[in-house]
Amino acid sequence: MCGIVGYIGNKQALPILVQGLRDLEYRGYDSSGLVILDPEQSRGGGIMQRVRAVGKIDNLVAKLKDAKYPGTLGIAHTRWATHGGVTEENAHPHIAQDGGIAIVHNGIIENYRELKEKLKKDGVKFTSDTDSEVLAHLIAHYYSTPPSIPPPQGEGKAGIRSHSSPLPGSPKSVTAFGVGLRGEDKGGGENQLANAVKSALKEVRGTYGLLVVHADHPDQIIAARLGSPLVIGVAAGEHYIASDVTPMLAYTKQVTFLDDGEVAEISRDNLRISNLKDELITKPTTQIDWDQAKAQKGGYEHFMLKEIMEQPTVFEDAIRGRINMEEGTAVLGGLNISEDQMRDLKRIVIISGGTAYYAGLVGKYAFERLAQIPCEVDFSSEFRYRDPICDKKTLVYAVSQSGETADTIMAVREAKRKGAHVRGIINVVGSTIAREIGAGSYIHAGPEMAVASTKAYTNMVALLLLNAIQLGRLKHVTQATGKRMLESLLAVPAKMNEILAQAEEIKKIAKKYTHYKNLFFLGRGVNYPVALEGSLKLKEISYIHSEGYAGGEMKHGPLALVSDDFPVVAILTRNQLYEKMKSNIMEARARGAKTLIIATEGDQEASEVADDIIFVPKTMELLEPLLNTIPLQLLAYYIAVELGRDVDRPRNLAKSVTVE
Ligand code: F6R
């Protein structure tokens, strides 16, 4: 959701920024824009070039053909509208009235109305409806009239020096801005632009991932973060900045993650990080092991199909090194909780959203069955507002692909505040949730670029199962049972491959369901969350209305909707609820519903209740979601392709939901 890219170095910034925006497309956006500074020209009067466009990045690229952009410093943005419609004026970067300062911003400025009114009284004219534009003007205000503040702490530097020349009042044109004299780029309290940013941010309530440039300062980008991620890629004589690591993978694997409350002064050769009080912060760089190829389509038409097909491989990555077959248990490091504390747990709570929530629901079955600890699964967005019951005997799992979901971040903080043990089950290495929790497991699904989550889901389920086995083994589960489960887990990738090999067959079936306006997805027990996930996949990428239901609930109301125009997709694999589920399917068929059944290999009886059938290999009941979800992912995918949808970037959705 919104993407930021920045570059400062010796290469031409434009191609890096444009490619960076493309790399972040998967997050979801509706407009884009960039600003480039030309250092050569800046010295002789300065030039800031801005281009913005509504719609796809190709629209931006088309506009870029009108001029040359030799600059080696720039910032760029993909916007996902929150305040103000999807228009070019509302697209970022926003430029302050003085024409010198440009910003890109992710997040929400909650007190923007109040700040806007104040700025308007000072004569500032706003050109957009966004909350973000306030930041540009506020920073410009402090840049031209720095407040007198006590000398900064930490490095013992002097306070702000007011040495700015008055800047021309208005831009030369929409794309080129002339500015006055070049400022001095100093570190610490002497950095006029950084100080202006800090002063402005002290007045702001809300969240931000922010990049700021000034045409007078062609040697630096200021970055600041509160609640919206920013990563800085470090290479010789250059820095890359982005909302996540994807845009920098082609150039560097050495990154520094900004934390909340930090401000970075980024020049070609230097990186200085401090807080709003100007206390210096020393941070390590982290080596990222994702490679660029993993973030590309690799010959598939869509990221989503590639990611569905990757499931057997990334599943192996998820479980590798985490199995102790001899002891029949899972080996999960970095948990920050002793075995005694684990045995003493009274409650498990899983917090997450969307697909991660459905993975969590599968986890509930596993925790309750194996560890016999009551487990509650809650939407992060609800959990944090309902005064949740959590204490030191509660273990909270935060499950998230991106590790940046705003609701889950806030829910984690609430759980910690209440004294619960918190573990993360996260995909993106170094993401906010992973770092804030500091305990838990990465799911190792690799970069997931399609908005609709697939491989992250299976790996989340894998990690929840491993956690349940580990807890179970500390309580009631025998070594033999643990071992049997682990052996079944090891057999999953081959079984996934068997399902994926039926892709062409599933494509043919999908075509028969393309013209319906409504579908039901039914499951029972551990396959109930599978039905919910299948339904979510379909609605988000095909825009067909679908409902996920527990089979036994149909007769309590939804059955009224069933007709020959409202087909049912049902999971009828051979488990303890087989007969019950079969009855529920027959109830729907008796009312005219066409049925597509997911059944266990060799189960001819299932064909009796099926118009169409997809067979999946047999596995242990608790592991069924790992297999049964895959045909539903493929079904949704092929229906969406058949309907000509933008499969990887469905309308209105964002990959990383960084606003509440
Ligand atoms: C659906 C989907 C979303 C996410 C949800 C949580 O396919 O991708 O429902 O699962 O927004 O995102 P993360 O897992 O990043 O916290």
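## A tour from the ligand outward

Start by selecting S400 together with the ligand: a polar side-chain atom of this serine sits 2.6 Å from a ligand oxygen atom. Keep in mind as you look around that this is a predicted model.

Next, add S402. Here too a polar side-chain atom lies 2.6 Å from an oxygen atom of the ligand. Then bring in Q401, and show its backbone this time, since that is the part to look at: a polar backbone atom of Q401 is 2.7 Å from a ligand oxygen atom. Now switch on a surface for the protein. Of the 400 Å² that the ligand exposes when taken alone, the protein buries 89%.

Widen the selection to the whole shell. There are 16 residues around the ligand, and those that come nearest are S400, Q401, S402, T405 and E540. Try colouring the shell by class: you should find six nonpolar, eight polar and two charged residues. If you display pockets, look for the largest one, as the ligand takes up that space.

Which helices should you highlight for the shell around the ligand? Pick α10 (354-371) and α17 (528-542), each of which supplies at least two of the shell residues.

Now colour by domain. Domain 2 (300-496) and domain 3 (502-654) both contribute residues to the shell, so the ligand lies between them.

Two stops on the backbone remain. Most peptide bonds are trans, and most residues other than glycine have a negative phi. For the first stop, select H92 and P93, which are joined by a cis peptide bond with an omega of about -5°. P93 is found in the loop between β4 (73-79) and β5 (94-95).

For the last stop, go to H444, in the loop between β22 (440-442) and α14 (455-474). H444 is not a glycine, yet its phi is positive, at about 55°.

Note on methods. Residues are numbered from 1 along each chain as its sequence is written. This is a predicted model: local features need pLDDT of at least 70, side-chain atom pairs count only at pLDDT 80 or more; totals for chains, interfaces and linings use all residues. Side-chain values use heavy atoms; hydrogens and water are left out. A residue is near a molecule or strand if one of its heavy atoms lies within 4 Å of it. A polar contact is a pair of N or O atoms within 3.5 Å; within protein, one must be able to donate a hydrogen and the other to accept it, and residues adjacent in sequence count only if both atoms are side-chain atoms. Accessible areas come from the Shrake-Rupley method with a 1.4 Å probe; for residues, only the protein chains shown count as cover. On a 1 Å grid over the protein atoms alone, a cavity is a set of points where a 1.4 Å probe fits but cannot get out, and a pocket is an open set with protein on both sides within 12 Å along at least five of seven lines; lining residues have an atom within 4 Å of a point. A molecule sits in a cavity or pocket if more than half of its atoms lie within 2 Å of its grid points. Helices (H or I, at least four residues) and strands (E, at least two) are DSSP runs, numbered from the N terminus. Ala, Val, Leu, Ile, Met, Phe, Trp, Tyr, Cys and Pro count as nonpolar, Asp, Glu, Lys and Arg as charged, and the others, Gly among them, as polar. Domain bounds come from an automatic or database domain assignment.
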